[in-house]
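Biologist: Could we go through this model together, one question at a time, with the reasoning behind each answer?

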Amino acid sequence: MSLKPKIVEFVDVWPRLRCIAESVITLTKVERSVWNTSFSDVYTLCVAQPEPMADRLYSETKHFLEQHVQEMLAKKVLIDEDGRPDLLQRYYTTWMEYSQGIKYLHQLYIYLNQQHIKKQKITDTESFYGNLSSDAAEQMEIGELGLDIWRLYMVEYLASELVRHILEGIAADRASNGSLDHHRVQIINGVIHSFVEVQDYKKTGSLKLYQELFEGPMLEASGAYYTDEANKLLQRCSVSEYMQEVIRILEYESRRAQKFLHVSSLPKLRKQCEEKFINDRLGFIYSECSEMVSQERRQDLRNMYIVLKPIPDNLKSELITTFLEHIKSEGLATVSALKGENIHIAFVENMLKVHQKYQELIADVFENDSLFLSALDKACASVINRRPSERQPCRSAEYVAKYCDTLLKKSKTSESEIDQKLTNNITIFKYIEDKDVYQKFYSRLLAKRLIHEQSQSMDAEEGMINRLKATCGYEFTNKLHRMFTDISVSTDLNNKFNTHLKDNNVDLGINLSIKVLQAGAWPLGSTQVIPFAVPQEFEKSIKMFEDYYHKLFSGRKLTWLHHMCHGELKLSHLKKSYIVTMQTYQMAIILLFETCDSLSCREIQNTLQLNDETFQKHMQPMIESKLLNASSENLAGETRIELNLDYTNKRTKFKISSALQKETPQEVEHTINSVDEDRKLFLQAAIVRIMKARKVLKHNALIQEVLSLSKVSFTPNIAMIKKCVESLIDKQYIERTANSGDEYSYMA
């Protein structure tokens with residue numbers, strides 16, 4: 001074929017081209033040679049001389065398609081002879097033929113589409129700014145034109161009838177529980193999607209026809225159906241049965257939507273279903289919520305969660321609140337009535353059981369939903385930080401610290417079991433608000449374990465400190481690490497001292513192990529020296545070590561804490577020898593009996609220069625252990641203390657416990673009081689740091705910043721912060737600004 005434009009008559013070419021177009025659009029077989037010739041006819045008309053005939057070709061083709069669609073409507077769709085399929089079937093069959101035919105016709109007119117129509121098409125910019133003529137707005141490619149004509153003459157004419165039949169088909173599928181004939185489903189699906197496909201070519205608003213024509217009425221009809229079904233269920237079902245039915249209906253409706261509707265309608269129909277079955281019936285669904293939670297009916301709670309999961313969070317609040325209160329009541333029931341010496345063990349392990357139980361329930365029933373995990377955290381924090389009364393402090397931090405102490409002390413428990421329990425213990429620790437109280441108790445108990453060598457394993461001790469460091473940061477465990485360092489340094493120091501003694505051929509007569517502790521790192525309380533006359537058996541060793549230490553570290557002062565020392569003493573005056581571990585003061589008392597069998601209390605006190613309190617604390621355990629006998633229960637004055645020469649014990653190696661090692665209520669109170677003092681200092685330092693950075697700050701803003709800084713360790717009450725502010729004003733660190741009563745400024 002020649003591509004050169006030539007003079008042609010439209011009436012000579014068009015009848016032949018129209019005949020081919022009719023065959024193409026009706027899917028009648030067209031020979032390839034005829035098909036190729038038709039391409040040439042389109043090209044010839046578009047480039048004809050002297051004037052191209054593209055516009056006339058477009059106009060005649062449009063007229064042809066309008067006639068064709070109108071004929072199809074009259075002869076194939078509206079005709080309703082006996083034995084003919086229904087309207088949906090007729091429409092679907094006709095649409096399938098036409099939609100395929102228009103695709104082929106679009107290909108036939110490819111030159112017209114690309115060289116004539118596309119060049120005249122409006123751009124996105126023109127469409128946005130409205131710079132287009134009325135003629136340009138009407139230009140469509142042949143495939144688009146064919147679809148638009150179908151919409152105009154077929155869809156809009158049959159719209160109400162088609163939608164009615166479709167809704168009847170969907171209703172029939174609902175009535176048959178989704179068992180509608182597959183062919184019928186295919187027809188309904190095809191008709192519905194034709195509303196989308198007929199405007200699929202549009203860049204914007206391609207779903208407008210579908211939404212206005214079908215989606216709106218469909219959602220309205222579905223809403224009415226859901227309301228009716230919900231009312232029927234309410235009349236015959238319990239809450240448990242109702243939720244099961246709703247889950248079933250939601251599942252069926254989801255499948256039905258996928259089977260029939262365009263994908264854009266799925267969330268809208270789901271929302272309509274949830275609105276009618278769930279949101280509008282929340283009062284009924286929640287009517288048995290408290291019973292289900294209190295009885296922990298897992299299947300019912302699982303169903304309730306599935307039903308409520310899609311709705312907004314604020315509407316789930318009743319279930320979450322009920323669940324939270326149930327955990328709180330369970331937790332309080334397990335810890336409120338605890339008594340006895342091992343209350344700390346029972347407290348931690350009971351709370352762990354509660355936490356693990358409901359954590360597993362949330363995983364099983366609520367799919368680890370963050371809202372329910374948050375409720376678990378709030379409930380556990382509430383129970384753990386509960387104060388028995390306004391005047392009584394919360395003792396949870398103390399209990400958790402003592403639980404760690406029990407685990408880390410020497411016992412027969414395996415290291416792997418201890419490690420697991422310590423890891424679990426951190427779960428409870430994280431809920432404690434007064435972490436500074438825990439730190440005080442833990443450091444004091446750690447000091448006792450390290451000084452008296454009671455630790456099960458140094459690796460376990462270090463592992464626990466690393467867990468605390470990971471949870472609260474380096475500052476929280478700084479002093480604990482320094483305590484470990486002191487023990488390590490003391491070990492090296494003892495080795496060097498022993499080497500020094502060997503090199504100088506010095507024999508002390510006793511085995512000596514000394515721990516040098518930094519006063520600022522160890523929670524030793526008051527380091528006030530208790531009067532004590534050191535027995536001559538110890539004097540040489542102490543003097544030798546002091547001389548050696550001062551040579552190594554000039555300028556350092558050593559303060560001997562004899563009340564924290566202990567040692568092993570061999571008793572050889574009985575029928576068999578015994579090795580007894582006891583406190584230094586107790587050893588000093590026993591050593592006085594080297595030269596006599598009986599002494600008065602006054603003589604012992606005067607010789608050792610012990611005050612009454614220290615004497616009583618250390619003498620009483622030895623009387624109770626029957627190593628010594630007293631002539632009177634009143635251990636004072638002229639009461640005689642005698643060696644018990646008939647003493648026997650099944651064990652040849654044993655320990656006499658000291659009252660100092662047993663915790664007293666006064667020690668607990670002292671620890672809590674020291675926490676309060678530390679808090680005041682912390683708050684004052686925080687206020688000064690904030691004010692130094694900000695220079696001027698409103699009262700409420702200062703309070704909020706202080707609360708933010710202190711939340712890692714504790715939650716201070718506002719009254720304490722106000723007192724600290726007043727104290728700093730008195731100390732002239734800050735002042736109230738002249739023109740405002742609730743504003744402070746920093747004083748350099």
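Modeller: Gladly; the helices and strands we shall name are DSSP runs, with at least four residues for a helix and at least two for a strand, numbered from the N terminus. Please keep in mind that this is a predicted model.

Biologist: Where is the place of Lys-626, and is the residue buried or exposed?

Modeller: Lys-626 sits in the loop that runs between helix H27 (612–624) and strand S4 (628–630). Its backbone has a positive phi of about 70°, although Lys-626 is not a glycine. Most residues other than glycine have a negative phi. With a relative accessibility of 54%, which is over the 50% cut-off, Lys-626 counts as exposed.

Biologist: Leu-627 lies in the loop between H27 and S4 as well; does Leu-627 count as buried or exposed?

Modeller: Apart from residues up to four places away in sequence, Leu-627 touches Leu-571, Met-582, Met-622, Glu-642, Leu-643, Asn-644, Tyr-647 and Ile-656. Leu-627 and Ile-590, which are 37 residues apart in sequence, have C-alpha atoms 9.2 Å apart in space. Because the relative accessibility of Leu-627 is 3%, and the cut-off is under 20%, this residue counts as buried.

Biologist: What is the value of the positive phi of Asn-505?

Modeller: Asn-505 is found in the loop between helix H23 (474–503) and helix H24 (536–552), and it is exposed, with a relative accessible area of 71%. Asn-505 is not a glycine, and yet its phi is positive, at about 50°.

Biologist: Which peptide bond is cis, with omega near 0°?

Modeller: Most peptide bonds are trans. The cis bond here leads into Pro-50, whose place is in the loop between helix H2 (32–46) and helix H3 (54–77). With omega near 0°, the cis bond is the one from Gln-49 to Pro-50.

Biologist: At what angle do the axes of H2 and helix H4 (residues 87–108) cross?

Modeller: The axes of H2 and H4 come within 9 Å of each other, and the contact is made by Trp-35, Ser-38, Phe-39 and Val-42 from H2 together with Tyr-104, Gln-107 and Leu-108 from H4. The two helices are therefore oblique to each other, their axes crossing at roughly 60°.

Biologist: In which crossing, left-handed or right-handed, does H11 pass H15?

Modeller: The axes of helix H11 (residues 239–260) and H15 come within 9 Å and cross at roughly 45°, and the helices are therefore oblique to each other. Ser-240, Met-243, Gln-244, Val-246 and Ile-247 of H11 meet Asp-300, Asn-303, Met-304, Ile-306 and Val-307 of H15. The crossing in which H11 passes H15 is left-handed.

Biologist: Within what arc do the buried residues of H16 fall, seen down the axis?

Modeller: Helix H16 (residues 317–335) has 19 residues, which at 1.5 Å a residue should span 27 Å, and its end C-alpha atoms are indeed 27 Å apart. Its buried residues are Leu-319, Ile-320, Phe-323, Leu-324, His-326, Ile-327, Gly-331 and Val-335. They line one face of the helix, because seen down its axis they fall within an arc of 160°.

Biologist: Which helices are included in what covers the buried residues of H22?

Modeller: In helix H22 (residues 458–472), Ala-460, Glu-461, Met-464, Ile-465, Arg-467, Leu-468 and Cys-472 are buried, and these residues fall within an arc of 155° seen down the axis, so they line one face. The face turned away from that buried side carries the exposed residues Asp-459 and Ala-470. What covers the buried residues of H22 includes helix H19 (396–408), helix H20 (415–429), H21 and H23.

Biologist: What is the relative accessible area of Asp-436?

Modeller: Asp-436 has its place in helix H21 (residues 435–451). Not counting residues up to four places away in sequence, Asp-436 touches Val-675, Arg-679, Ser-713 and Phe-714. Asp-436 is buried, with a relative accessible area of 11%.

Biologist: How far apart in space are Phe-214 and Ile-192, C-alpha to C-alpha?

Modeller: Phe-214 is found in helix H10 (residues 208–236) and is buried, with a relative accessible area of 0%. Leaving aside neighbours within four places in sequence, its contacts include Val-163, Phe-195, Leu-261 and Ile-192. Phe-214 and Ile-192 are 22 residues apart in sequence, and their C-alpha atoms are separated in space by 7.7 Å.

Notes:
Residues are numbered from 1 along each chain as its sequence is written. This is a predicted model: local features need pLDDT of at least 70, side-chain atom pairs count only at pLDDT 80 or more; totals for chains, interfaces and linings use all residues. Side-chain values use heavy atoms; hydrogens and water are left out. The expected span of a helix is 1.5 Å times one less than its number of residues. Buried means under 20% relative accessible area, exposed over 50%, partly exposed in between (1.4 Å probe, protein chains only). The arc is that of the directions from the helix axis to the C-beta atoms. Axes are lines fitted to C-alpha atoms, for helices over the stretch in contact, and angles run from 0 to 180 degrees between N-to-C directions. Angles under 35 degrees count as roughly parallel, over 145 as roughly antiparallel, 65 to 115 as roughly perpendicular and the rest as oblique. A crossing is left-handed if the near helix is turned anticlockwise from the far one by less than a right angle, and right-handed if clockwise. Contact means heavy atoms within 4.5 Å.
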